[in-house]
Amino acid sequence: MQTAVIGSPNSGRAIILPTDADELLRWRRGHRASTYWCGTQLGGCGNELSDRLYRDKVCHFAHRPHTSCHRTATGASSADHLFIKDDLVAWTGRLGIKGRATSRDLGSGPGDAVDFRAGKGGQQHVRFQFSKLSHAEWTSTRDRLTGEVTTLDWVFGPSTVQPETVEALCDEYGYLFRFRFETHGAARHIRLRAEDPRNSTEWVPLRACAMTPEGLRVPGAELRRRTSGSRPLDVAGVAAAPRSRDDQVRALRRALISAARFRARPTWEVLCRTAGGDLLKVSSQDRVGLLLAVEQAGEEGTPLLSALLRTGAGEPPPYIREVVAVAGGGAPATAQVLKRWCQRETDRAFAVYGMPSRTAPARLALTTDGRIAAQTAEPATRRTIVHVEARASALEVTPLSEALRGARERQDGRLVVGLLEQAEDSIVTLPKPERTKLLREMRTARDWLNSGVTKRRRKRQAPANPAGKARAKKKGGTLRDARPLPGLEEKPKKRKS
């Protein structure tokens, strides 16, 4: 357990325990009167903790013996929703504005989200999203909050936003806000940036951002207005000059690659809001020509970006069949074949252009009559396995629950602590069956760690018995007065004649 609160069970003052023994010794010298608690604002039991100093493994907090606690998040990031409040207090003090931060439990813990309200009557609202949120939940919550405030900004943490939400925010504002935390000593501090389909700003501390009448602003991010009609508007709202066909093709390709990067499948209307409003009134036949030019601009064998397009019902648009026939190497015979073929190309595009990229699956081949060709088994390839000394490399192919169990069976306490911290950071991204299995193994691992600490303490505190040791050291030991076994009596010494 790496995080705790200082002072009392209900305290909001969080701490990350130094993992190095020398750093912990320096911390102890400077905080002799501090007490540490498994805080209720961390989802803990409220019991007191003690810091454990080790030279051979990671230093950590531990409960007192015979303490029952079901806290699941104990890694360095488990107190980020408390650290952000400290940054918000310093930020509002620097700006000279009044604001209030409140933690929200959305179903998985007290740190699911942090709401920051500023302005007169708290009419300016910024939500920092820590837990994963479905698009439907985000839509309903945004609709509710929009009616309560004048400005609403959403800032998403790692692995918390759905592709549909990204698409909606980029469509409306031109970008979305992201945050991450960096560790500095015994605390962590937030960094923000703005991401749009084309690029992202630099990560900056909260103190570099501003709270304007239009809401939260991050350096380098410009609010772009939505397009209107068939002619795009520039930042000042003035109609821009008509673009050439080559410019339209380049804009379409950039917009499709950006959609693949965010694992989104846009409609033509949504795509045009990124690529330019002058494309909204393009006919279906002209769309085919533009999309064929987009595919010709890519390298041979790359995914068909046009396959990302969908209708409002989630199906491939009918005109995509012609694009596939010319650029994809065959004409799908039915709508079902077209849908399956486009889904494979979508997966390929997500793999190639996603962040990070990965090896793309093979393209589905079509027969002469427009059916999906039978898949042939790929020939076996020789692989060279390189063994790396780093123990955590096994996690690339081993589920965390199995890795935790293996480390516990090998009695590797240091690795167990590290795996617990990694599990806490990734557990919210797992499907429910895997999450339940991992939670069970995490509880078992913590019980094992606590039992090991208790056994060592009892061994150190075992009372010595000086009297017994003294008797054992006497000549003859404890068998000095015992009777000999029959037949083993000492024979009497013979007298000399």
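Modeller: Buried means under 20% relative accessible area, exposed means over 50%, and partly exposed lies in between (1.4 Å probe, protein chains only). This is a predicted model, where local features need pLDDT of at least 70 and side-chain atom pairs pLDDT 80 or more, while totals for chains, interfaces and linings use all residues. Residues are numbered from 1 along each chain as its sequence is written, and side-chain values use heavy atoms, without hydrogens or water.

Colleague: Thanks! Let's start with S78: is it buried or exposed?

Modeller: S78 sits in the loop between β5 (60–63) and α2 (80–95); such helices (H or I, at least four residues) and strands (E, at least two) are DSSP runs numbered from the N terminus. Its relative accessibility is 10%, so S78 counts as buried.

Colleague: Which residue's side chain makes a polar contact with the side chain of S78?

Modeller: A polar contact is a pair of N or O atoms within 3.5 Å; within protein, one must be able to donate a hydrogen and the other to accept it, and sequence neighbours count only if both atoms are side-chain atoms. The backbone oxygen of G75 lies 2.6 Å from a polar atom of the S78 side chain. Setting aside residues up to four places away in sequence, S78 touches (heavy atoms within 4.5 Å) L42, R71 and A73, among others. The side-chain to side-chain polar contact, at 2.6 Å, is with T3.

Colleague: Moving to β4, which residue is the bridge partner of S50 in β5?

Modeller: Strand β4 (residues 48–52) is mostly covered, with four of its five residues buried. It pairs with β3 (residues 36–37) in the antiparallel sense over two bridges, where at least two DSSP bridges are what pairing requires; there, W37 is matched with E48. With β5, β4 has four bridges, again antiparallel, and the partner of S50 is A62.

Colleague: What is the order of the strands in the open sheet of seven strands?

Modeller: The pairing in this sheet is mixed. Strands β6 (99–104) and β12 (204–205) are its edges, each pairing on one side only. At the β12 end, β11 and β12 run antiparallel over two bridges, with R191 partnered by P205. The whole order is β6-β7-β8-β9-β10-β11-β12.

Colleague: How many of the six residues of β8 are buried?

Modeller: Side chains in a regular strand alternate between the two faces of the sheet. In β8, Q124, V126 and F128 point one way while H125, R127 and Q129 point the other way, and all are buried. The strand is largely enclosed by the rest of the structure, because the buried count is six of the six.

Colleague: And which residue in β9 is the bridge partner of R127?

Modeller: On one side, β8 joins β7 (113–118) antiparallel through six bridges, with R117 opposite H125. The β7–β8 hairpin has five residues between the strands, and G119 there takes a positive phi near 80 degrees. With β9, β8 runs parallel, again over six bridges, and R127 is partnered by W154.

Colleague: At about what angle does α3 run to β9?

Modeller: The path β8, α3, β9 makes a right-handed β-α-β unit: with the strands pointing away from the viewer, it runs clockwise from the first strand over the helix to the second. Axes are lines fitted to C-alpha atoms, for helices over the stretch in contact, with angles from 0 to 180 degrees between N-to-C directions. Helix α3 lies across β7, β8 and β9, and its angle to β9 is about 150 degrees.

Colleague: After β9 comes P158: is it buried or exposed?

Modeller: P158 lies in the loop between β9 and α4. Its C-alpha is 8.8 Å from that of S131, though the two are 27 residues apart in sequence. With a relative accessible area of 57%, P158 is exposed.

Colleague: Which residue takes a positive phi just after α4?

Modeller: Helix α4 (residues 163–173) has buried residues T165, V166, E167, L169, C170 and D171. Their cover includes α3 (135–146), β9 (151–156), β10 (176–184), β11 (187–195) and α6 (268–275). Just past the helix, a phi of about 95 degrees belongs to G174.

Colleague: Lastly, how many disulfides does a search of the whole structure find?

Modeller: A disulfide needs two cysteine sulfur atoms within 2.5 Å. C45, partly exposed at 29%, has its closest cysteine sulfur in C69 at 3.7 Å, which is too far for a bond. C209, by contrast, is buried at 3%. Across the whole structure, the number of disulfides is zero.
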